[in-house]
Amino acid sequence: MDNYKFFQHKDCEYFPCHKMEKIEDFNCMFCYCPLYMMGDKCGGNFKYTATGIKDCSSCILPHVKDVGYNHIQKKMMEVIKIVQEEHLKKIK
């Protein structure tokens, strides 16, 4: 069982914050995507506005049941690796 990977907050005034075919599979676990900081390496469906702001309003990746959680965890391991490498550069 992987119940910890899925959460819905149906009482949220923004639920659902993105359009999806199967609303019962909408995952609120990552209300704010932790991959925003990865820029164009996040793996999601985003675009940049004319002023350079990352617009993720068309991205449902973090909210897809059985896909989003695993994708984010994999990408967070990449973030950890980058931070570790940067730290090693500083201490050498």
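## Exercises on a predicted chain

The accessible surface of the protein chain is about 7,200 Å², and carbon and sulfur atoms account for 57% of that area. Keep in mind that the model is predicted. Now for some practice.

**Exercise 1.** Work out which elements the protein chain holds and how they run from the N terminus on.

*Solution.* Start with the inventory: the secondary structure comes to one helix and two strands. Next, put these elements in sequence, starting at the N terminus, and you get β-β-α.

**Exercise 2.** Decide how the spread of the protein chain compares with that of a compact globule.

*Solution.* Begin with the expected value: for 92 residues, the globule rule gives 12 Å. The radius of gyration of the protein chain is 15 Å, well over that value, so the chain is more spread out than a compact globule. Then look at the box filled by the C-alpha atoms, which is roughly 50 × 40 × 20 Å along the principal axes. Finish with burial: 24% of the 92 residues count as buried, where the cut-off is under 20% relative accessible area.

**Exercise 3.** Find the share of contacts that join residues at least 24 apart in the protein chain.

*Solution.* Take the contacts between residues at least 6 apart in sequence; of these, 45% join residues at least 24 apart.

**Exercise 4.** Describe the largest pocket and its lining.

*Solution.* First, the space: about 500 Å³ lies in the largest pocket. Second, the lining: 28 residues line this pocket, with C17, H18, C31, Y32 and H63 the closest to its centre. Third, sort the lining residues by class: 20 are nonpolar, seven polar and one charged.

Definitions and conventions. Residues are numbered from 1 along each chain as its sequence is written. This is a predicted model: local features need pLDDT of at least 70, side-chain atom pairs count only at pLDDT 80 or more; totals for chains, interfaces and linings use all residues. Side-chain values use heavy atoms; hydrogens and water are left out. On a 1 Å grid over the protein atoms alone, a cavity is a set of points where a 1.4 Å probe fits but cannot get out, and a pocket is an open set with protein on both sides within 12 Å along at least five of seven lines; lining residues have an atom within 4 Å of a point. Grid points are joined across faces, edges and corners, and a volume is the space filled by probe spheres set on the points. Ala, Val, Leu, Ile, Met, Phe, Trp, Tyr, Cys and Pro count as nonpolar, Asp, Glu, Lys and Arg as charged, and the others, Gly among them, as polar. Helices (H or I, at least four residues) and strands (E, at least two) are DSSP runs, numbered from the N terminus. The radius of gyration is taken over C-alpha atoms; the globule rule is 2.2 Å times the number of residues to the power 0.38. Buried means under 20% relative accessible area, exposed over 50%, partly exposed in between (1.4 Å probe, protein chains only). Contact means heavy atoms within 4.5 Å. Accessible areas come from the Shrake-Rupley method with a 1.4 Å probe; for residues, only the protein chains shown count as cover.
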